[in-house]
Amino acid sequence: MHHKIEEIGEFGLIKTITDKFIDLVPQGWHGIGDDCAVIPYNETQSLVITTDMLIEGVHFLRDKISPRDLGYKSLAVNISDVAAMGACVVGSFLSIALPSTISRSWCDQFFEGYHSHNVPLLGGDTTKSLASIAINVVAIGMADNSSLKFRNMAKVGDKIYVTGCLGDSGAGLRILLENRLSSDSEVDNITKLIAAHNSPRAHRLEGLDLGACHSVHAMMDVSDGIASDLRHIMKSSEVGAVVELSQIPISQGLRIVSSLYDWDPLELAVNAGEDYVLLFTADPSAKFTYHEIGRIVDGDQLMWLENGISKSIDYKGFTHF
Ligand code: ADP
Ligand code: MG
């Protein structure tokens, strides 16, 4: 019998990889399992390191994203993981595989987008590809050990927050895939949603601020939708969570475009992913101006409420395979 990886899924596969290498991680280092690995730098500070890949046809379509946005997004999604640790990005590596037919100006614009983050580029690798574009970025950050936020730090009673609206990126992707660009009645809102997908803003300063804040416990970035990502915090912290759907921040643009196309904006907000806002839990006595969406509770279940009433829906979020 040949078993395929789709049977165990993305996270099942990561678990089998983790188990094979657990014996090799040095004392005091944090390896697989959070937004970044953490390596001690000196007595009081650590380096954090993350890597993310963007594959043509899987993560982007060449004719639906400008080279500038693609360069911008390649680094943004990695900066987001650094910010999610409460760290400050200090450098990056970029490896890129390109078909030989790609134009010089495509490359110039790609690197202009990448450069616009003003993060030093420290190395990488450049190769030919036979057909599709493949991009891999490594980002490095630095943090005081006392500022580091892990996924396993959530405590029962914590409030759960997100630092920005959810669902815009997922809606932008759907607009691109369904070729809805010609609908000009809501062109400004449509353009905003596409921009949320093609050039997401990493919450770099928010991550630094929240890192420095001791009442913040667990933190991660939202790349797969909170239905999936909140479960990572729950699993690592061995807690449950309750989310109030009416408190999930949904942009005016997403509301308008969803009603135009008869989409469920909540479903996009919870499942679609690639929003790259930060999801964190904090001591209930602390005050934040961010969007409070729920509570950490005892147990291991994720419960959805709609205006205080339990709603039995099975939101799953995005996974590969
Ligand atoms: P994120 O969305 O924050 O980038 P992922 O969900 O992609 O995180 O990955 C979860 C964890 O698994 C991370 O700590 C990541 O470094 C690790 N991971 C993912 N794929 C691999 C792999 N092929 N080998 C080793 N570690 C991996
Ligand atoms: Mg992440």
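In this predicted model, the donors of the magnesium ion (ligand 2) are spaced D-x45-D-x139-D along the chain. Three aspartates coordinate the ion: Asp35, Asp81 and Asp221. Each contributes an OD atom. The coordination distances run from 2.0 to 2.1 Å. Two of these ligating residues, Asp81 and Asp221, link distant parts of the chain, being 140 residues apart. Asp81 belongs to helix H2, which covers residues 67-83. Asp221 lies in strand E7, residues 216-221.

Solvent accessibility was computed for both members of this pair. Asp81 has a relative accessible area of 8%. Asp81 is therefore buried, since the cut-off for burial is under 20%. Asp221 has a relative accessibility of 1% and is therefore also classed as buried.

A further aspartate, Asp283, was examined outside the set of magnesium donors. Asp283 sits in a loop. That loop joins strand E9 (278-282) to strand E10 (291-297). The relative accessibility of Asp283 is 27%, so the residue counts as partly exposed. This value falls between the limits of 20% and 50% that bound the partly exposed class.

The surroundings of Asp283 include both local and sequence-distant partners. Locally, its side chain makes a polar contact with the side chain of Ser285, at 2.5 Å. Beyond the neighbours within four places in sequence, Asp283 is in contact with Asp158, Ser215 and His217. Val187 lies 96 residues from Asp283 along the chain. The C-alpha atoms of Val187 and Asp283 are 41 Å apart.

Methods:
Residues numbered from 1 in each chain as written. Chains lettered and ligands numbered in written order. Predicted model: local features only at pLDDT ≥ 70, side-chain atom pairs only at ≥ 80, totals over all residues. Heavy atoms only, no water. Helix = DSSP H or I, 4+ residues; strand = E, 2+ residues; numbered from the N terminus. Buried < 20%, exposed > 50% of the residue type's maximum accessible area, 1.4 Å probe, protein only. Contact = heavy atoms within 4.5 Å. Polar contact = N/O pair within 3.5 Å; in protein donor to acceptor, adjacent residues only side chain to side chain. Donors = N, O, S within 2.8 Å, 3.2 Å for Na, K, Ca; no water.
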